[in-house]
Amino acid sequence: MVKTFLYAGQALRRWNTRQVVVAVLASTLIGLLIGMATVLIPNPVFARDIDPVWWNYPVWIMTSVASGMLVATYIQPATAVEQSDAPNATTRHGKLGMVGGFLSWFAVGCPVCNKLALIAFGYSGAITYFAPIQPLLGIAALLLTGIALVRRLKGQLFCQVSPDKNLTQPASQETENTQV
């Protein structure tokens, strides 16, 4: 497991300027989206009945940064080594990151402003049952997004994919007709 983190660090050191810019922009955009909708950033569009608690801000910021970095892992690094037949595990890691972002939304949001919690528990039930599990949702969000990020970074070293050579060559003029 230590090697996985070392490989992830190596992949980060190989990032080019474009990947860093995408990470910063995606982190900012995700942070603004979650912060505005959950009213961690005060705004006239949304309202919050219950004030945020101290841990909402670190969970919001760390999840936004990890999610932005995860988005940047989908940008092809300039130093990609051509390999063929490399496995493509982006789908699973992408799902982990999406679930992590979704959980962070629920974790830092107002427990009684969440329509799903209100439908499931009612107003007093949302305060009694949903609010106490929000820190656990925040931890789960950070873990899932972090796992997806570390796996994607490690994959940038070991599962680099190059364009298919057949796609880069011009198509031949002849076509083969087959009759049945």
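Helix H2 (residues 17–37) and helix H3 (residues 56–72) are oblique to each other, because their angle of about 140° falls outside the classes roughly parallel (under 35 degrees), roughly antiparallel (over 145) and roughly perpendicular (65 to 115). Their axes lie 7 Å apart. An axis here is a line fitted to C-alpha atoms over the stretch in contact, and angles run from 0 to 180 degrees between N-to-C directions. Helices are DSSP runs (H or I, at least four residues), numbered from the N terminus, and strands are runs of E of at least two residues.

This is a predicted model, in which local features need pLDDT of at least 70 and side-chain atom pairs count only at pLDDT 80 or more, while totals for chains, interfaces and linings use all residues. Residues are numbered from 1 along each chain as its sequence is written, and side-chain values use heavy atoms, with hydrogens and water left out.

H2 passes H3 in a right-handed crossing (the near helix is turned clockwise from the far one by less than a right angle; anticlockwise is left-handed). Among the residues in contact (heavy atoms within 4.5 Å) are Ala23, Ile30 and Gly35 of H2 and Trp60, Gly68 and Ala72 of H3. This contact has ten nonpolar, seven polar and no charged residues. Ala, Val, Leu, Ile, Met, Phe, Trp, Tyr, Cys and Pro count as nonpolar, Asp, Glu, Lys and Arg as charged, and the others, Gly among them, as polar.

Helix H5 (residues 115–158) also packs against H3. The angle is about 25°, with the axes 9 Å apart, so H3 is roughly parallel to H5. The crossing is left-handed. The contact includes Val59, Met62 and Leu70 of H3 and Leu142, Leu149 and Arg152 of H5.

Helix H1 (residues 2–13) meets H5 with axes that come within 8 Å and cross at roughly 70°, which means that H1 is roughly perpendicular to H5. Phe5 and Leu12 of H1 and Leu153 and Phe158 of H5 are among the residues in this contact.

The contacts with H5 divide by class as follows.

| Contact | Nonpolar | Polar | Charged |
|---|---|---|---|
| H3 with H5 | eight residues | four residues | one residue |
| H1 with H5 | nine residues | three residues | one residue |

An unreviewed UniProt entry annotates residues 20–41, 53–75, 96–123 and 129–150 as "transmembrane region"; such annotations may be inferred rather than shown by experiment. In the model, residues 20–41 are 82% helix and 0% strand, with end C-alpha atoms 25 Å apart.

The chain averages a pLDDT of 80 (the predictor's confidence in each residue, from 0 to 100). Over residues 81–90 the pLDDT is below 50. Where pLDDT is low, the predicted coordinates should not be read in detail.
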